[in-house]
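Trainee: Could you walk me through one part of this model up close? I'd like to hear how the pieces sit against each other, and what faces in and what faces out.

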Amino acid sequence: YGGARNFVGFTRAPKRNKSYDTDGDGMPASKQKWSRRVLVQLIRLMQKSLIKYQYRMISKLKLDDGELLFLNYGYYDADTQALPLTPEEEPFRAAIHLYHRTAAHGDPAGKDVLEVGCGRGGGAAYIMRALQPRSMTAVDLCKSGIEFCRRHFAASGVQYEVGDAEALPFDDAEFDVIVNVESSHCYPKLMLFLNDVKRVLRPGG
């Protein structure tokens with residue numbers, strides 16, 4: 001019995017130092033925090049890469065009667081049918097009405113406007129034509145999407161640029177209005193986007 005007691009005492013696991021091992025896996029707490037940060041960064045990088053791949057595939061899509069110019073959902077109310085559209089815009093009436101309702105709140109006429117996450121470019125082209133800003137710039141992370149925008153809307157007057165919503169490639173206080181339609185839910189670091197929106201907006205924008 002005495003020998004067994006001593007044996008049990010000898011093999012009993014020592015008490016864990018909680019500051020050293022918080023998860024019971026033998027890893028120092030500081031290293032656990034570092035590992036979590038690395039994992040979060042990897043997930044964010046994967047998310048952004050998957051989004052870019054997804055939109056590269058979408059950029060290759062065509063409709064039976066023409067190009068796909070809008071990626072957003074539509075908005076429909078009593079005023080939707082009254083919106084004056086061109087023949088090319090007509091198939092996208094509900095999607096354009098969402099753009100109209102969103103952008104018109106910023107009263108963009110005569111102002112410098114930026115769209116972040118422009119997708120296929122139809123929304124920015126509509127804003128430029130119908131709401132008549134002084135200038136219209138549109139950015140998207142997908143290079144092939146921007147190449148399509150530049151080809152299809154070459155005569156629109158919109159400046160289409162490749163750009164990251166979390167690190168906008170513009171100077172401080174460069175725009176009066178910023179439009180973002182069904183895009184920000186894809187951003188891994190939403191606060192970086194919001195901080196950059198604040199940076200590139202002019203006072204009162």
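Mentor: Sure, let's start on the outside of helix α5: Lys 143 and Arg 151 are exposed there, on the face turned away from the helix's buried side. Before going on, some ground rules. This is a predicted model, so local features need pLDDT of at least 70 and side-chain atom pairs count only at pLDDT 80 or more, while totals for chains, interfaces and linings use all residues. Numbering runs from 1 along each chain as its sequence is written, and side-chain values use heavy atoms, with hydrogens and water left out. Buried means under 20% relative accessible area, exposed means over 50%, and partly exposed is in between (1.4 Å probe, protein chains only). Helices (H or I, at least four residues) and strands (E, at least two) are DSSP runs, numbered from the N terminus.

Now the inner side of α5, which spans residues 143-152: its buried residues are Gly 145, Ile 146, Phe 148 and Cys 149. Looking down the axis of α5, these buried residues fall within an arc of 155°, so they line one face of the helix. The arc here is that of the directions from the helix axis to the C-beta atoms.

Next, the strands. Strand β4 (residues 135-140) runs parallel to β3, and five bridges join them. β4 is mostly covered, with five of its six residues buried. It also pairs in the parallel sense with strand β5 (residues 159-162), over four bridges. For bookkeeping, two strands pair if DSSP finds at least two bridges between them. Thr 137 is a handy landmark in β4: its bridge partner in β5 is Gln 159, and it is also the partner of Leu 114. From β4 the chain crosses through α5 to β5, and this β-α-β crossover is right-handed. Right-handed means that, with the strands pointing away from the viewer, the path from the first strand over the helix to the second runs clockwise. There is another right-handed β-α-β unit here, made by β3, helix α4 (residues 122-131) and β4.

What about β3 itself? Five of the five residues in this strand (residues 112-116) are buried, so β3 is largely enclosed by the rest of the structure. Asp 112, Leu 114 and Val 116 point one way, Val 113 and Glu 115 point the other way, and all are buried. So you'll find acidic residue names in that list next to the valines and the leucine. β3 also runs parallel to strand β6 (residues 177-179), joined to it by three bridges, and Val 113 stands opposite Val 177 in β6.

The loops on either side deserve a glance at their backbone angles. Most residues other than glycine have a negative phi. Asp 107, in the loop between α3 (93-104) and β3, has a positive phi, near 45°. Its relative accessible area is 49%, so Asp 107 is partly exposed. Glu 182, in the loop between β6 and α6, also isn't a glycine and has a positive phi of about 50°. At 34% relative accessibility, Glu 182 counts as partly exposed.

That loop leads to α6. The buried residues of α6 are Phe 193, Asp 196, Val 197 and Val 200. They cover an arc of only 110° around the axis, which puts them on the same side of α6. On the other side, Met 191 and Lys 198 are exposed. Phe 193 has 5% relative accessibility, so it counts as buried. Phe 193 and Ala 165 are 28 residues apart in sequence, yet 5.5 Å apart in space, C-alpha to C-alpha. Back at residue 190, where α6 (residues 190-200) includes Leu 190, that leucine is partly exposed at 40% relative accessibility.
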